[in-house]
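This report covers strands, cores and selected side chains. Please view the sequence alongside the coordinates.

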Amino acid sequence: TERVYAAEIMGATGSFREIFMENIHIGYGDLFMRELTEISFESDLETVELHFALKGSTSAICQDTQQEIDFDYHEHNIMYASHFRGFASYVPRKDIKVFEINLLPSFFKRFLPYDEKAFMGFIGALDKKENALLSPHNYPITPAMYALIREILSCNRKGVFKRMFLESKVIELLLLQLEQIISINT
């Protein structure tokens, strides 16, 4: 299922596009913030999010832990959220472009290298169902990651072939993230 929303609310103009599949949710937002905007949100879902800040800066605070999550443009990270409550703030007169992939934790765990020291804390958070970032700092989005994001957003296939294509690209994007994190942290 695919949906596109045009936004003209809360000091923002732009659009948000979502693609829903069995284990994967893909979201792409392209917004212009006219004024300082804070959005409160709450989710009762359990998800692992591959987050990519393509343009602009965003900041969110988890109300339960008071952990601040900041992204500058061209940065990515992986986070786990279980029953997440918080608020996000957006800087005025700025374009914000975000690309997010939400995975069911059971799907994500199939690809997580459990023998890597860099992932031990995140694996523990997943097991305890505690909100967490895979890494305390964000990583630069590489040209190969940007190419995969473009392929995902421009996919014109239909039906089962679209699902197969998107799932394979999501796994490839996750592969690039995990390889980069391991190479920097070893």
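Helices (H or I, at least four residues) and strands (E, at least two) are DSSP runs, numbered from the N terminus. This is a predicted model, in which local features need pLDDT of at least 70, side-chain atom pairs count only at pLDDT 80 or more, and totals for chains, interfaces and linings use all residues. Residues are numbered from 1 along each chain as its sequence is written, and side-chain values use heavy atoms, with hydrogens and water left out.

**Asp70**

Asp70 is found in strand E7 (residues 68-71). Its relative accessible area is 40%, so Asp70 is partly exposed. Here buried means under 20% relative accessible area, exposed over 50%, and partly exposed in between (1.4 Å probe, protein chains only). Leaving aside neighbours within four places in sequence, Asp70 is in contact with Thr58, Ser59, Glu75 and Asn138. Contact means heavy atoms within 4.5 Å. Asp70 and Asn138 are 68 residues apart along the chain, and their C-alpha atoms are separated by 8.6 Å.

**Strands E5 and E8**

Two strands pair if DSSP finds at least two bridges between them. Strand E8 covers residues 75-82, and seven of its eight residues are buried, so E8 is largely enclosed by the rest of the structure. Strand E5 (residues 46-55) has eight of its ten residues buried, so E5 is also largely enclosed by the rest of the structure. The pairings of these strands are tabulated below.

| Pair | Bridges | Direction | A bridge partner pair |
|---|---|---|---|
| E5 and E8 | eight | antiparallel | His51 and Asn77 |
| E5 and E10 | seven | antiparallel | Lys55 and Lys97 |
| E8 and E12 (residues 139-140) | two | antiparallel | His76 and Tyr139 |
| E8 and E11 (residues 132-133) | two | antiparallel | Tyr80 and Ala132 |

Glu46 of E5 also has a bridge partner in E8, namely Ser82.

Which side chain does Thr47 join through a polar contact of 3.2 Å? The partner is Asn102. A polar contact is a pair of N or O atoms within 3.5 Å; within protein, one must be able to donate a hydrogen and the other to accept it, and residues adjacent in sequence count only if both atoms are side-chain atoms. Thr47 sits in E5. At 15% relative accessibility, Thr47 counts as buried. Beyond four places in sequence, Thr47 is in contact with Met79, Tyr80, Ala81, Asn102, Leu103 and Pro105. Leu103 is 56 residues from Thr47 in sequence, yet 5.7 Å away in space, C-alpha to C-alpha.

Ser135 lies in the loop between E11 and E12. Ser135 is buried, with a relative accessible area of 4%. Its side chain reaches the backbone oxygen of His137 at 3.1 Å.

**Nonpolar cores**

A nonpolar core is a set of buried Ala, Val, Leu, Ile, Met, Phe, Trp, Tyr and Cys residues joined through side-chain atoms within 4.5 Å. The largest has 40 residues, and those with the most contacts inside it are Phe99 and Ile101. Elements giving two or more residues to this core include E5, E8, strand E10 (94-103) and helix H4. The largest share of this core, eight residues, comes from H4. Apart from this core lies another, of five residues, among them Ala53, Ile69, Met79 and Leu133.

H4 (residues 159-185) has 27 residues and reaches 39 Å from its first C-alpha to its last, close to the 39 Å expected at 1.5 Å a residue. That expected span is 1.5 Å times one less than the number of residues. Buried residues of H4 include Phe165, Val170, Leu173 and Ile181. Ile101 is in contact with Val170 and Leu173, among others outside its neighbours within four places in sequence.

**Aromatic pairs**

The structure holds three aromatic pairs. Rings of Phe, Tyr and Trp (its six-membered ring) pair if their centres lie within 6.5 Å; planes under 30 degrees apart count as stacked, over 60 as edge-to-face and the rest as tilted. Phe52 and Phe99 have ring centres 6.0 Å apart and planes at 55°, so this pair is tilted. Phe52 in E5 and Phe99 in E10 are 47 residues apart, and the pair links distant parts of the chain. Phe52 counts as buried at 0% relative accessibility, and Phe99 counts as buried at 0%.

Phe108 and Phe122 form an edge-to-face pair, 6.0 Å centre to centre with 85° between the planes. Phe108 lies in helix H1 and Phe122 in helix H2, so the pair ties together parts 14 residues apart in sequence. Phe108 is buried at 0% relative accessibility, and Phe122 is buried at 2%.
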